[in-house]
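Thanks for sending this one over. Here are my notes, written to be read with the structure open beside them.

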Amino acid sequence: MTAILEVTKATRRFGGLVAVNDVSFKVSSTGVTAVIGPNGAGKTTLFNIISGSIPPSEGAILLAGEDVTALKPEAKAARGLVRTFQLVKLFQDLTATENVKVGFHLKSRGGLLAALFQPAWAKQAERDAEEKAAALLDLVGLSKVARTSASVLPYGQQRLLEIARALAAEPRILLLDEPAAGLNAEESERLAKTIRRIAADGTAVLLIEHDMKLVMDIADEVVVLDYGRKIAQGTPEAVKKDPAVLAAYLG
Amino acid sequence: MDLNLVLQSLISGISIGCVYGLIGIGFCVIYNASGIVNFAQGAFVMIGGMATYVLMTDYNLPYAVAAICAILLAGIVGAVVERLVVRPLWDRNAAMFVMILATLAAQIVIERLAYILVDDQPKTLPPFTDIAPIRLGGIAVNYQSLWIVGCSVLIILALNSFFRSTRTGKAMRAVSINAEAAALQGIPVSRMLTLAFVLSAMLGAVAGILLTPTQYTAFNMGVPFAISGFIAAIIGGFGKPLGAFIGGIALGVIQSMAILGLGAGFKNVAALSLLLLFLFFRPSGLLGSTR
Amino acid sequence: MTNSPSTTSPEAPGLARPHTRHFGSAAVWALSAAIIGYALVFGGYMATIVAFALIYAVFVSGLNVFMGLTAQVSFGQSAFAAIGGYTSAVLTTTYEWAPLPGMVAGLVFALVAAFLIGFPTLRLKGHYLAMATLAIGLITYEIAVEWESVTQGYLGISGIPPLGIGPFEAVSDRAILSVLSVIVVILAFAVTRIRRSRLGRAFSAVAGSEEAAGALGINVSRYKLVSFLIAAAIASLSGSLFVHVVGYVSPEVFGLHMVILAFTMVYIGGLGTVAGPLIGALIISILPEVFRGMKDYQDLAYGVTMILILIYAPKGIAGVAGALDARRSA
């Protein structure tokens, strides 16, 4: 497999606590990879290390072979790694469409002069953004609320909108932080479909998830953490039968 | 440079620094209870000196009685500001700078009321004890400086035992550590906020009464002193009362040295530059870790 | 308890939604136009008041970009107005420059200062940012007082020539009002365009969530700086306009009073709205004239109004008008 993302011996200590301990794995450039583990297994810390919100104490993160360990989130985003948040962080005052348009930031250009004088190319770019935003909202099933302010959307729709916004940045790998948290069964099903569709369209997906059903339904590869260590990796079927995993979840 | 002159400046720096420190502690008390920086803090300082003056001259009250009444009045005004201005915004979870603006507006309102009710003339109070300064070699230490330092130290000790030993004080500390957990423990968090404003206003009033005999009071003297108090709190590490007191003394000393070395015009520039230095290079202050 | 960053302000109004009708906003513009029109026709004292209001509207427009669009806070914008004003004043009197080049020089100085100040300052958040910017404004004031060889201290600089380009000079009330109105309209137009652009969306993103903005590749500190520079440039312009219209400048012009007045205007008008700075500046400038003879009560009225607005109408007049439009079209 070609790896889009490679985590090598990532370790993160907080004082005496080792939240992530010597974790290594690769994420395939196609399909859906999931990181699971019981509460406090270090999933969120690992996620923050990968996305660049916190640096690892040791170890490295390679994105398409390039060492991006020390880069800030915006620099990682520029290289094709885009994340969503466990607690949805939408731009509340903007409409759904405008939120998605912010996502095009990296894929468009224009500063103050373009804003003030609106040359033909800038107008064209704005029309393109409008169209692409509409397409992305359609993909996640939010066309009807395109002109609605993000702050008044129900929670499930906010999550989907955040995914659409992340997709606007045309990531090579999309990181989803517990995307099913707080969703009802129907919304969860819609989300699973959307994630499969994104993966089918050629974007690698790495997700951290609590919801085992969702993971087993959509993941091609599963990495299991416990107490900061990687205890298993493999297909959902293989992981489900792994004694170490059973012990961690049942014991 | 004349050593006596330096020592003399040092003493006046320490005594005005204690006043800055008390004002700074007022900022900390409210900040710890709520995360709010109260930009109306200067109004309480003004009320302290001004009300004492009015009660003494217009109502012929004895000095000490007038001072106590002024402190109580400031406490009441503090409660009113909290109830009428801060509370509605607090309940709405308003943005930080909305709160800054609202308290700044409260400062202007109180300032203007004082202007209308009293007048615009600067006023001063007699020293607490009218005795000739103590002479130590070539330097003179006036008794008001001793009063300021002595009262400040007593207040710090009293505050310390209030926060450590009394039920209310402990409750206020609990709120400052974790408001939600404190609420679950049955501590009335919202009453603590009112109490913080009252306490902080009374501290400001004390500072105002202490400093007026050495300087003056006027309806618009609050803002500069509030800024000095804020700088003291920043130097000490915002939210740390003892730090604010030390910061106040540091600020007072540096300011009086700047006046000595560079001239009186540089008093404010020195204080504000010190503030910027701390904000840029050590925002957690002298005593601060990462908050 | 953390130092809450200023970024998540629940009441910052959103971008105007396309495809909605704008009766409320139109009414706000019409009211502003009527007030300016009245001053143009009848002139006299009213013209002076409105001219001041328009200069403030320019200043507040800059503040509105930084605070309204980007949700940052600066209590020190008066510093850049002072730089623009004093540069214009000194260059056109001592060095006998024409007003326009003087204004451009002021703009350049203000931008350089904002750039140097912005780097360390904009890393700060919340109260720290508020206090650092306040300190910068106050230090600038002190410099204006102390640097007597250039600024003539408290005395101030007088005899500053009126606005003008080549043979054309804006001396009459009408000429001054017309020039200022055109500038205010151009600025409002510019802010509208910024809001609907990639740049404006980046500002909104920084305002909404710095973390999410960073995750989408937006360089947060860079856009804060850009917003700060735009605000500083507009503040500098307002300072230059002031000295040319009044013919005189002293440190008091750019004191804390200016900042508080400007904040009242931006809030009354409606933070982050296009029409807000103009209507806010007009109302706050004209109201005291309505209560003339009660001079002692003016600042008291400002304070009380400010508190009431913050508590009961945090979106201001233009914000409320916009909300009415949105409701009607929903």
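The points below go from confidence to the sheet, then to the core and the contact between two chains.

1. Please keep in mind that this is a predicted model. For chain A the mean pLDDT is 89, with 99% of its residues at 70 or more. Chain B also averages 89, and there 98% of the residues score at least 70.

2. Where does confidence dip within these chains? In chain A the lowest mean, 82, belongs to helix α10 (residues 243-250), while helix α3 (residues 96-103) of chain A has the highest, at 94. Among the elements of chain B, strand β1 (residues 134-136) has the lowest mean pLDDT, 81, and helix α2 (residues 41-57) of chain B the highest, 95. As a general habit, predicted coordinates should not be read in detail where pLDDT is low.

3. Chain A holds an open sheet of 6 strands with mixed pairing, and the order to trace on screen is β6-β7-β8-β3-β9-β10. Its edge strands are β6 (81-83) and β10 (229-234), each of which pairs on one side only. From one strand to the next, the twist averages 20 degrees.

4. For a closer look at one pairing, try strand β3 (residues 32-36) and strand β9 (residues 221-226) of chain A, which run in the parallel sense and pair over 4 bridges. A handy landmark here is A:Val35, whose bridge partner in β9(A) is A:Val223. In general, strands of a sheet pair through backbone hydrogen bonds, either parallel or antiparallel.

5. Which helix lies across β3, β7 and β8 of chain A? That is α7 (residues 185-200) of chain A, which lies across β3, β7 (173-177) and β8 (204-208) and runs at about 145 degrees to β8(A).

6. The largest nonpolar core has 297 residues, and the members that touch the most others are A:Ala164, B:Ile47 and B:Ala70. Setting aside neighbours within four places in sequence, A:Ala164 is in contact with A:Val100, A:Leu136, A:Leu137, A:Leu139, A:Val140 and A:Leu142.

7. Now to chains B and C: their contact takes 34 residues from chain B and 33 residues from chain C. On the chain C side, α5 (126-146), α11 (256-269) and α13 (298-312) each supply at least two residues. The largest share of that side, 11 residues, comes from α5(C). By class, the side of chain C that touches chain B has 22 nonpolar, 6 polar and 5 charged residues.

Key. Residues are numbered from 1 along each chain as its sequence is written. Chains are lettered from A and ligands numbered from 1 in the order in which they are written. This is a predicted model: local features need pLDDT of at least 70, side-chain atom pairs count only at pLDDT 80 or more; totals for chains, interfaces and linings use all residues. Two strands pair if DSSP finds at least two bridges between them. Axes are lines fitted to C-alpha atoms, for helices over the stretch in contact, and angles run from 0 to 180 degrees between N-to-C directions. Two residues are in contact if their C-beta atoms, placed from the backbone, lie within 7 Å. Ala, Val, Leu, Ile, Met, Phe, Trp, Tyr, Cys and Pro count as nonpolar, Asp, Glu, Lys and Arg as charged, and the others, Gly among them, as polar. pLDDT is the predictor's confidence in each residue, from 0 to 100. A nonpolar core is a set of buried Ala, Val, Leu, Ile, Met, Phe, Trp, Tyr and Cys residues joined through C-beta atoms within 7 Å. A residue is buried if 20 or more other C-beta atoms lie within 10 Å of its own, exposed if 12 or fewer, and partly exposed in between; C-beta atoms are placed from the backbone.
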